[in-house]
Each structure stands twice: as structure tokens, then as C-alpha cells.
Amino acid sequence: MTQRMMDAIVKPIAGVGLELRRVPVPVPGPGEVLIKVHKTAICGTDVHIYDWTPWSAEHVKPPMVIGHEYVGEIAELGAGVTGLQVGMRVSGEGHITCGHCRNCHTGNIQWCKNTTSVGVDRNGAFAEYVCIPASGRGRGLLLRRLRQRHPHGPHVQPGG
Ligand SMILES: [Zn+2]
Ligand SMILES: [Zn+2]
């Protein structure tokens with residue numbers, strides 16, 4: 001089987017700059033969804049990553065697809081995902097929490113000790129596709145359906 005490839009903006013190596021690369025289209029695992037990205041926005045975090053500030057050097061492990069502010073539509077559902085359909089317009093949380101730690105269990109997901117960040121330490125949305133977990137117990141709202149009457153989506157800032 002040939003692997004599907006896509007364009008993505010990647011931090012290729014530790015240092016200043018970004019690169020447009022061909023990378024494999026992510027495959028949604030159990031509980032995950034694949035999103036076809038329609039529009040993205042540049043966040044201050046992305047500028048930090050471009051400039052390779054000390055914060056970036058500490059958090060980003062190249063090669064990494066960056067970007068975490070986006071709107072798109074569901075292209076594929078991983079195993080076990082319910083309540084969502086291919087074609088739904090969605091945006092995703094930038095912070096993916098574990099759903100298992102004490103803070104997640106007590107509803108304080110913003111203090112999850114195992115948070116990963118889309119486009120920082122997991123592949124992000126400056127690409128044709130991005131893969132994230134669907135909402136699940138303890139994980140908060142990782143994926144939100146957007147109302148169709150906003151033609152360009154809302155101006156989202158889903159947590160950072
Ligand atoms: Zn947690
Ligand atoms: Zn942001």
C-alpha cells in the first residue's frame with residue numbers, strides 16, 4: 001500500500017526557520033479523528049517556534065509539523081469514535097489532556113500533567129490534514145463542531 005503524502009509546514013531541525021515539506025498523511029488511531037484543514041491562523045507560539053526562542057528549543061523536538069489554530073472538516077474517523085461524522089465542520093483544542101491523571105479526573109484539565117500541545121510536541125495543523133483525539137471522558141472538549149452558518153468559522157482561540 002502506498003502511503004498518502006501531504007504538504008506541511010515543518011520545523012525541520014533545531015534552529016531558526018520553517019520548511020514546506022511532503023510528509024505522510026496521519027492515520028487516525030482508535031478514538032482519533034483525521035481533519036482536513038481548511039483555514040489556519042498564526043499564533044504567537046508559531047512565531048516563537050519560527051524564531052527558535054529558548055522556549056521553543058525546550059519544547060519542540062524537530063521534525064515537527066507546527067500550527068494549532070484551524071478550522072476544517074472531518075475526513076476520517078478512527079475506531080470507536082461515535083457522535084461525529086465525516087464532513088462535519090470542526091475545530092480542535094490546542095491542548096490534548098490525558099484523561100487519566102488526578103487533575104483530569106477532578107475536572108481541572110488545564111493542570112493535566114501529561115498535556116501535549118498540537119503543533120508543539122505533537123504534529124500540528126499547518127498541513128493538509130491533522131489528527132487529534134475526539135472528545136472523550138476527562139479530556140474536555142478536544143473537538144468542537146462549528147455551526148454551519150459561520151461561513152469562515154469563528155475566530156477560535158481554543159486555549160492558547
Ligand atoms: Zn491528565
Ligand atoms: Zn495559539
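# A guided tour, starting at helix α1

Select helix α1, residues 44-51; its buried residues are Thr 45, Asp 46 and Ile 49. These three cover an arc of only 100° around the axis, so they sit on the same side of α1. An α-helix has 3.6 residues a turn, so residues three or four places apart point the same way. Keep in mind during the tour that this is a predicted model.

Now turn the view to the opposite face of α1. Which exposed residues does the face turned away from the buried side carry? They are Gly 44, Val 47 and Asp 51. To see what covers the buried residues of α1, show β1 and α2 (54-59), which are among the elements that do so.

**The loop after α1**

Step on to Trp 52, the residue that follows α1. Trp 52 belongs to the loop between α1 and α2. Colour it by its backbone angles: phi is positive, about 55°, although Trp 52 is not a glycine. Most residues other than glycine have a negative phi, and most peptide bonds are trans. Is Trp 52 buried or partly exposed? It is partly exposed, because 18 other C-beta atoms lie within 10 Å and a residue needs 20 or more to count as buried.

Continue past α2 to the loop between α2 and β4, where Pro 63 lies. Select Pro 62 together with Pro 63 and look at the peptide bond from the one to the other: it is cis, with omega near -5°.

**The open sheet**

Next, select β2, β1 and β4. In that order they form an open sheet of 3 strands with antiparallel pairing. Strands of a sheet pair through backbone hydrogen bonds, either parallel or antiparallel. Which strands are at the edges? They are β2 (19-24) and β4 (64-65), each of which pairs on one side only.

Zoom in on the place where β1, residues 5-11, meets β4. The two run antiparallel and are joined by 2 bridges. For a pair to click on, take Val 10, whose bridge partner in β4 is Val 65.

**Strand β3 and its partners**

Move to strand β3, residues 32-41. With strand β5, residues 69-77, it pairs in the antiparallel sense over 8 bridges. Two pairs help to trace this pairing. Val 33 stands opposite Leu 77 in β5, and Ile 35 has Ile 74 in β5 as its bridge partner.

Then show strand β9, residues 129-133. β3 and β9 run antiparallel, joined by 5 bridges. Select Leu 34 here; its bridge partner in β9 is Cys 131.

Go back to β5 and add strand β6, residues 89-92. These two pair in the antiparallel sense over 2 bridges. Gly 72 has Val 90 in β6 as its bridge partner.

**The nonpolar core**

Hide the ribbon and show side chains. How many residues does the largest nonpolar core have? It has 26, and those with the most contacts inside it are Ile 35, Ala 127 and Val 130. β1, β3, β5 and β9 are the elements that give two or more residues to this core. β9 gives the most, with 4 residues.

Of these residues, Ile 35 was met above as the bridge partner of Ile 74. Centre the view on Ala 127 next. Neighbours within four places in sequence left aside, Ala 127 is in contact with Met 6, Asp 7, Ala 8, Ile 9, Val 37 and Val 65. Val 65 has already appeared on this tour, as the bridge partner of Val 10.

**Across the chain**

For the next stop, select Val 27, in the loop between β2 and β3. Val 27 counts as partly exposed because it has 13 C-beta neighbours inside 10 Å, whereas an exposed residue has 12 or fewer. Add Gly 78 to the selection and check the distance between the two C-alpha atoms. Val 27 and Gly 78 are 51 residues apart in sequence, but 8.1 Å apart in space.

**The whole chain**

Finally, show everything again. The protein chain has 3 helices and 10 strands. Follow the chain along the sequence and the pattern reads β-β-β-α-α-β-β-β-β-α-β-β-β. Of its 160 residues, 35% count as buried. Among contacts with a separation of 6 or more, 67% are between residues 24 or more positions apart.

Technical notes
Residues are numbered from 1 along each chain as its sequence is written. Chains are lettered from A and ligands numbered from 1 in the order in which they are written. This is a predicted model: local features need pLDDT of at least 70, side-chain atom pairs count only at pLDDT 80 or more; totals for chains, interfaces and linings use all residues. Two strands pair if DSSP finds at least two bridges between them. Two residues are in contact if their C-beta atoms, placed from the backbone, lie within 7 Å. The arc is that of the directions from the helix axis to the C-beta atoms. A nonpolar core is a set of buried Ala, Val, Leu, Ile, Met, Phe, Trp, Tyr and Cys residues joined through C-beta atoms within 7 Å.
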